[in-house]
Amino acid sequence: MNDPLTRAGFVAVVGAPNAGKSTLVNGLVGSKVSIVSPKVQTTRMRVIGIAMTDLADGGRAQVVLVDTPGIFRVAKRRLERAMVAAAWRGADDADLVALVVDAERGVGAETEAIIERLKEQRAPRYLVLNKIDLVPREKLLALTAELNARLPFERTFMVSALKADGIGDLLKTLAAALPAGPFLYPEDQAADLPMRLLAAEVTREQVFLQLHQELPYEAAVETDKWEDRADGSVRIEQTIHVQREGQRAIFLGKGGARIKQIGARARHELGQMLERPVHLFLHVKVSERWADTPAHYRTIGLDYEP
């Protein structure tokens with residue numbers, strides 16, 4: 001028999017690219033489970049973050065947040081199609097759906113398309129207006145009315161995920177709406193992502209943060225080797241895949257300075273996350289057709305679509 005004082009379930013976090021979904025998930029979980037950068041499409045796979053919270057009735061809830069890739073209105077390339085498919089699978093399988101909208105940008109074509117698709121969802125839907133610190137109150141109220149007229153939501157939340165403003169109320173509400181039942185994961189687990197994959201994501205985030213517009217977002221990072229050493233440290237070897245020789249030169253930088261900086265920052269962050277010394281070795285490889293290789297899709301948790 002299920003303990004009536006516990007609730008657990010899945011919440012799919014969906015939205016247009018760069019709406020702030022990953023920042024929101026990290027804030028709700030209270031630790032980093034998904035990479036964040038100003039560049040759109042940093043999240044490629046469904047990343048699961050696990051948030052624990054107390055309930056008003058004295059019970060406890062486990063909110064399993066599924067951070068989905070940003071949903072394109074028109075997905076042209078194979079990688080984009082795989083990402084959109086992963087996003088909608090996350091929504092279809094969830095107990096609740098949270099639509100994150102960039103309040104500063106408002107309702108664009110991508111958000112309109114998501115709303116139309118959400119009309120088919122059976123799960124309760126919640127609206128999260130993000131980046132409210134950048135928008136006048138009058139615009140927020142008008143945007144709330146506009147979106148709820150298109151699709152009635154259970155509740156609308158106004159948050160600044162970056163400043164962790166308003167996310168506590170959101171977490172409590174989602175938790176109370178989940179079905180009663182036992183926890184799905186250990187209480188001290190913050191994410192459901194293999195460490196090799198998380199390590200690759202940390203390095204990919206540094207790639208985005210440091211290369212900005214110089215880098216096409218198709219670049220990929222794979223963890224080739226993970227060795228737990230006798231002294232308690234870990235040795236990690238990774239390959240950064242690029243599509244052209246010119247991109248490889250950008251990654252390396254003059255005298256290898258750029259790749260060393262990427263490695264140093266990724267190593268520092270991994271050390272903090274793992275709470276142990278990390279020895280990180282990066283290799284840049286030209287893989288012209290990696291975006292058409294099924295094995296690469298499996299590595300990052302996506303289905304390959306012929």
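**Lys139 and a three-stranded sheet**

Colleague: Is Lys139 buried, partly exposed or exposed?
Modeller: Keep in mind that this is a predicted model. Lys139 has a relative accessible area of 37%. Buried would need under 20% and exposed over 50%, so Lys139 counts as partly exposed.

Colleague: Which backbone oxygen does the side chain of Lys139 reach?
Modeller: Start with where Lys139 sits, which is helix H4, residues 137-150. Leaving out residues up to four places away in sequence, Lys139 touches Ala103 and Glu104. Ala103 is 36 residues away in sequence, yet its C-alpha lies 8.4 Å from that of Lys139. The backbone oxygen that the side chain reaches, at 2.9 Å, belongs to Glu104.

Colleague: Now over to the sheet. Which strands are at its edges?
Modeller: The sheet is open, with 3 strands in the order E7-E8-E9 and mixed pairing. An edge strand pairs on one side only, and that picks out E7 (220-228) and E9 (278-286).

Colleague: Do E7 and E8 pair in the parallel or the antiparallel sense, and over how many bridges?
Modeller: E8 covers residues 234-242. Asp228 stands opposite Val234 in E8. The pairing of E7 with E8 is antiparallel, and the number of bridges is 8.

Colleague: Which helix packs on the sheet, touching E7, E8 and E9?
Modeller: Helix H7 (residues 245-252) lies across E8 and E9, running at about 155° to E9. Another helix covers residues 257-274, and its direction makes about 140° with that of E9. The one touching E7, E8 and E9 is H8.

Note on methods. Residues are numbered from 1 along each chain as its sequence is written. This is a predicted model: local features need pLDDT of at least 70, side-chain atom pairs count only at pLDDT 80 or more; totals for chains, interfaces and linings use all residues. Side-chain values use heavy atoms; hydrogens and water are left out. Two strands pair if DSSP finds at least two bridges between them. Helices (H or I, at least four residues) and strands (E, at least two) are DSSP runs, numbered from the N terminus. Contact means heavy atoms within 4.5 Å. Axes are lines fitted to C-alpha atoms, for helices over the stretch in contact, and angles run from 0 to 180 degrees between N-to-C directions. Buried means under 20% relative accessible area, exposed over 50%, partly exposed in between (1.4 Å probe, protein chains only). A polar contact is a pair of N or O atoms within 3.5 Å; within protein, one must be able to donate a hydrogen and the other to accept it, and residues adjacent in sequence count only if both atoms are side-chain atoms.
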